[in-house]
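Colleague: Hello! Please walk me through this one at a beginner's pace.

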Amino acid sequence: MIGISTSGNSENVIHAFEVAKRKGIRIIGLLGKGGGKSSRLVNQSIIIPSKSTARVQEMHILIGHILCDLIEEGLNLKS
């Protein structure tokens, strides 16, 4: 699963990570502001080292687009 939290402390995201962890699901966290509480729950994190919510969100959007592009290429969906 992939979870996104600008602060790393969003309660709903933390709860989802905890449930996924109990079920043995691998977790990737797109986090900001040092990773917060979420950084201890994920298997892999991409932490945007900025305290600016706007900058963190912009980078999360960019990373999402890059991941989608890589997946499309990997599945030969690009025309």
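Modeller: Gladly. Helices (H or I, at least four residues) and strands (E, at least two) are DSSP runs, numbered from the N terminus. This is a predicted model, where local features need pLDDT of at least 70 and side-chain atom pairs count only at pLDDT 80 or more, while totals for chains, interfaces and linings use all residues. Residues are numbered from 1 along each chain as its sequence is written, and side-chain values use heavy atoms, with hydrogens and water left out.

Colleague: Which element has the highest mean pLDDT?

Modeller: pLDDT is the predictor's confidence in each residue, from 0 to 100. The protein chain averages 96, and 99% of its residues score at least 70. Helix α2 (residues 53-74) has the lowest mean among the elements, 96, while the highest, 98, belongs to helix α1.

Colleague: Now the sheet. Which strands stand at its edges?

Modeller: The sheet is open, with three strands in the order β1-β2-β3 and parallel pairing. An edge strand has a single partner, so one side is left without a neighbour in the sheet; here those strands are β1 (2-5) and β3 (44-48).

Colleague: How many bridges does β2 (residues 28-32) form with β3?

Modeller: Two strands pair if DSSP finds at least two bridges between them. β1 and β2 are joined by four bridges, with Gly-3 opposite Gly-29 in β2. On the β3 side, Ile-28 stands opposite Gln-44. Between β2 and β3, which pair in the parallel sense, the number of bridges is five.

Colleague: How many of the five residues of β2 are buried?

Modeller: Buried means under 20% relative accessible area, exposed over 50%, and partly exposed in between (1.4 Å probe, protein chains only). β2 is largely enclosed by the rest of the structure, because the number of its five residues that are buried is four.

Colleague: On to α1. How wide an arc do its buried residues cover around the axis?

Modeller: α1 has Val-13, Ile-14, Phe-17 and Ala-20 buried. What covers the buried residues of α1 includes β1 and β2, whereas Glu-11, Asn-12 and Arg-22 are exposed on the other side of α1. The buried four lie on the same side of α1, because their arc (taken from the directions from the helix axis to the C-beta atoms) is only 125 degrees.

Colleague: And α2: which residues does its Ile-63 touch?

Modeller: α2 lies across β1, β2 and β3, and Ile-63 has its place in this helix. With a relative accessible area of 14%, Ile-63 is buried. Its C-alpha atom is 9.3 Å from that of Ile-46, 17 residues apart along the chain. Not counting residues up to four places away in sequence, the residues in contact with Ile-63 (heavy atoms within 4.5 Å) are Leu-30, Ile-46 and Ile-48.

Colleague: I spotted Lys-33 in a loop. Is it buried, partly exposed or exposed?

Modeller: Lys-33 lies in the loop between β2 and β3. Its phi is positive, about 55 degrees, although Lys-33 is not a glycine. At 35% relative accessibility, Lys-33 counts as partly exposed.

Colleague: One last residue: is Asn-76 buried or exposed?

Modeller: Asn-76 lies in the segment after α2. Its phi is near 55 degrees, a positive value in a residue other than glycine. With a relative accessible area of 68%, Asn-76 is exposed.

Notes:
Axes fitted to C-alpha atoms, helices over the stretch in contact; angles between N-to-C directions.
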